[in-house]
Amino acid sequence: MKIKLLVVEDEAFIALELKTRLQQMGYEVCAVVSRGDIAIECAGTLNPDLVLMDICLNGEKSGIEAAREIRRKFRIPVVFLTSHADEDTVEQVKRSDPCGYILKPFQERDLRIGIEVALHKDTIERRVQESEEKFRLVTESIDDVFWLSSADFKELLYVSPAYEKIWGRKREELYRAPLSFVEGIHPDDRHMVRSRMESLSLESQQLEYRVIRPDNSISWVRDRRFPVFDHQGNLYRMAGVTTDITEQKNAQQQLLILNRKLQQQATHDALTGLPNRRLLIDRLEQALAQAQRNGGHLAMMFIDLDGFKAINDCMGHTAGDEVLEIIGRRLGHLLRAADTAARLGGDEFGLVLTRIKGKKDARLVAKKVLEAISAPFIVRGERCTIGASIGISLYPEHGVSADELISRADTAMYKVKHAGKGSFIFYHE
């Protein structure tokens with residue numbers, strides 16, 4: 001397809017000669033006009049690839065004014081034609097954003113070069129403009145903050161609009177003071193961010209920190225930074241993408257809380273909050289392993305409440321649950337941090353006593369447990385009392401495994417039940 005040219009020249013002889021030469025050179029001349037206003041109209045209707053514009057024209061509009069309007073309205077490249085080029089004219093020509101400047105009389109070589117260079121320049125400018133427009137559409141439509149700065153962060157070259165949404169601050173402020181974004185970072189995270197910035201790392205980095213908006217709302221962001229090198233391998237830019245990860249962080253926190261709840265439910269009794277049988281066995285096995293290494297002693301107590309069934313039958317299961325909660329709290333408060341109190345099921349409880357010296361310590365704790373359980377309490381406005389039967393097994397005297405110690409403490413507890421309840425006894429083979 002031939003390149004289409006619009007010639008704007010007020011001297012008819014020159015216009016005719018120029019048209020003939022251009023056609024001989026292989027160009028299509030879509031029109032030849034002598035006035036600026038007509039040139040503007042033809043540019044809109046004929047849509048030429050290039051306008052060859054004389055500076056001095058007939059009519060009210062000069063070639064410079066016409067060229068400026070054609071560029072503004074139709075984005076068509078313009079090359080000026082003139083026989084003189086004083087400084088004032090050149091300055092006016094520059095302000096109209098021309099793509100070239102050819103002096104009369106024309107040499108065919110100069111004319112062809114002027115046209116081809118102008119068209120090439122316009123093509124490059126259009127590609128750059130299209131790239132910039134694509135870049136703008138991408139960066140302004142995403143929720144992430146894209147930014148580009150000098151290597152030392154002292155000059156901000158670009159930041160996308162998402163910055164205002166995440167930080168709650170104006171981009172203009174950031175352009176004036178590129179490091180002002182740090183003021184919006186949570187005080188506990190600022191030192192980490194500053195130290196990373198001062199390091200001027202030659203590798204990509206990823207930071208996670210909190211942002212406090214002017215309304216005191218807090219967001220979590222992930223800031224990924226990439227060094228940009230020139231053709232000689234020198235660091236001269238820093239680019240980055242900052243993403244709001246608040247929802248992700250909240251989801252992680254909720255998942256963590258849920259996992260803790262599930263773990264609590266798997267290892268603790270829902271009613272009393274005490275460890276369950278599974279966790280008691282685990283704690284007992286850990287205590288046994290430590291006692292075996294250190295040559296220590298420990299005790300396993302199996303506790304069954306006396307009189308609990310009567311409360312359940314007379315006052316209902318809800319009242320019974322309240323009693324179990326009371327007993328659970330009493331046992332929990334009674335023991336040392338290294339010991340374990342657990343609900344084994346129904347009205348049965350278990351205690352693991354670690355680092356004891358022998359029967360004497362276990363006997364002392366058993367007495368305290370009986371006193372604590374038998375102390376009166378109020379349920380549904382009524383004063384109640386219950387007792388307990390306790391069986392005790394010792395390591396290493398009565399067993400060396402968790403199963404043995406629990407089974408033998410249980411056996412001892414049943415001996416107490418048959419013997420009259422309300423007391424404790426040690427297992428004897």
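In this predicted model, Phe153 has a relative accessibility of 8% and therefore counts as buried. The residue is placed in the loop between strand 6 and strand 7. Its phi lies near 65 degrees, a positive value in a residue other than glycine. A second case is Arg75, which is not a glycine yet has a positive phi of about 55 degrees; Arg75 belongs to the loop between helix 3 and strand 4 (78–82). The backbone also contains a cis peptide bond, from Tyr395 to Pro396, with omega near 10 degrees. Pro396 is located in the loop between strand 16 and helix 14 (402–419). Such features merit mention because most residues other than glycine have a negative phi, and most peptide bonds are trans.

Helix 3, which spans residues 63–74, contains Arg68. With a relative accessibility of 36%, Arg68 is classed as partly exposed. The C-alpha atom of Arg68 is separated by 9.8 Å from that of Ile40, a residue 28 positions away along the chain.

Enclosed space was examined next. Two cavities of 30 Å³ or more were found, and the largest cavity has a volume of about 190 Å³. This cavity is lined by 15 residues, of which Trp147, Leu156, Leu174, Pro178 and Phe181 are the closest to its centre. At least two lining residues are supplied by each of strand 6 (145–150), strand 7 (156–159), helix 6 (162–167) and strand 9 (218–229). Strand 6 gives the most, with three residues. By class, the lining of the largest cavity comprises eleven nonpolar, two polar and two charged residues.

Open pockets were considered separately. The largest pocket holds about 280 Å³ of space. Its lining consists of 14 residues, and those closest to the centre are Gln286, Ala287, Gln290, Thr354 and Arg355. Helix 10 (277–294), strand 11 (297–306) and strand 13 (348–356) are the elements that give two or more residues to this lining. The greatest contribution to the lining of the largest pocket, six residues, is made by helix 10. Seven polar residues are present in this lining, together with five nonpolar and two charged residues.

The second largest pocket contains about 210 Å³ of space. Its lining is formed by Leu334, Leu335, Arg336, Asp339, Leu353, Arg355, Ile356, Asp361, Leu364, Val365 and Lys368. Strand 13 and helix 13 (359–374) are the elements that give two or more residues to this lining, and helix 13 gives the most, with four residues. The lining of the second largest pocket has six nonpolar and five charged residues but no polar ones. Arg355 is thus found in the linings of the largest pocket and of the second largest pocket.

The largest nonpolar core is made up of 35 residues, and within it Ile303, Ile373 and Ile392 have the most contacts. Two or more residues of this core come from each of strand 11, helix 11 (308–315), helix 12 (317–334), strand 13, helix 13, strand 14 (377–379), strand 16 (387–395) and strand 17 (424–426). The largest share is that of helix 12, at six residues. When neighbours within four places in sequence are left aside, Ile392 is in contact with Ala299, Met300, Met301, Ala362, Ala366, His398, Ala409, Ala412, Phe424, Ile425, Phe426 and Tyr427. Apart from this core lies another, of 20 residues, which include Tyr163, Val193, Leu207 and Tyr209.

The cysteines were assessed last. A disulfide is a covalent bond between the sulfur atoms of two cysteines. The count of disulfides in the model is zero. For Cys314, the closest cysteine sulfur is that of Cys384, and no bond is assigned because the separation of 9.6 Å is too far; the cut-off for a disulfide is a sulfur pair within 2.5 Å. Cys384 is likewise in no disulfide, with the sulfur of Cys314 as its nearest cysteine sulfur. The two residues fall into opposite accessibility classes: Cys314 counts as exposed because its relative accessibility is 69%, whereas Cys384, at 8%, counts as buried.

Notes: Residues are numbered from 1 along each chain as its sequence is written. This is a predicted model: local features need pLDDT of at least 70, side-chain atom pairs count only at pLDDT 80 or more; totals for chains, interfaces and linings use all residues. Side-chain values use heavy atoms; hydrogens and water are left out. On a 1 Å grid over the protein atoms alone, a cavity is a set of points where a 1.4 Å probe fits but cannot get out, and a pocket is an open set with protein on both sides within 12 Å along at least five of seven lines; lining residues have an atom within 4 Å of a point. Grid points are joined across faces, edges and corners, and a volume is the space filled by probe spheres set on the points. Ala, Val, Leu, Ile, Met, Phe, Trp, Tyr, Cys and Pro count as nonpolar, Asp, Glu, Lys and Arg as charged, and the others, Gly among them, as polar. A nonpolar core is a set of buried Ala, Val, Leu, Ile, Met, Phe, Trp, Tyr and Cys residues joined through side-chain atoms within 4.5 Å. Buried means under 20% relative accessible area, exposed over 50%, partly exposed in between (1.4 Å probe, protein chains only). Contact means heavy atoms within 4.5 Å.
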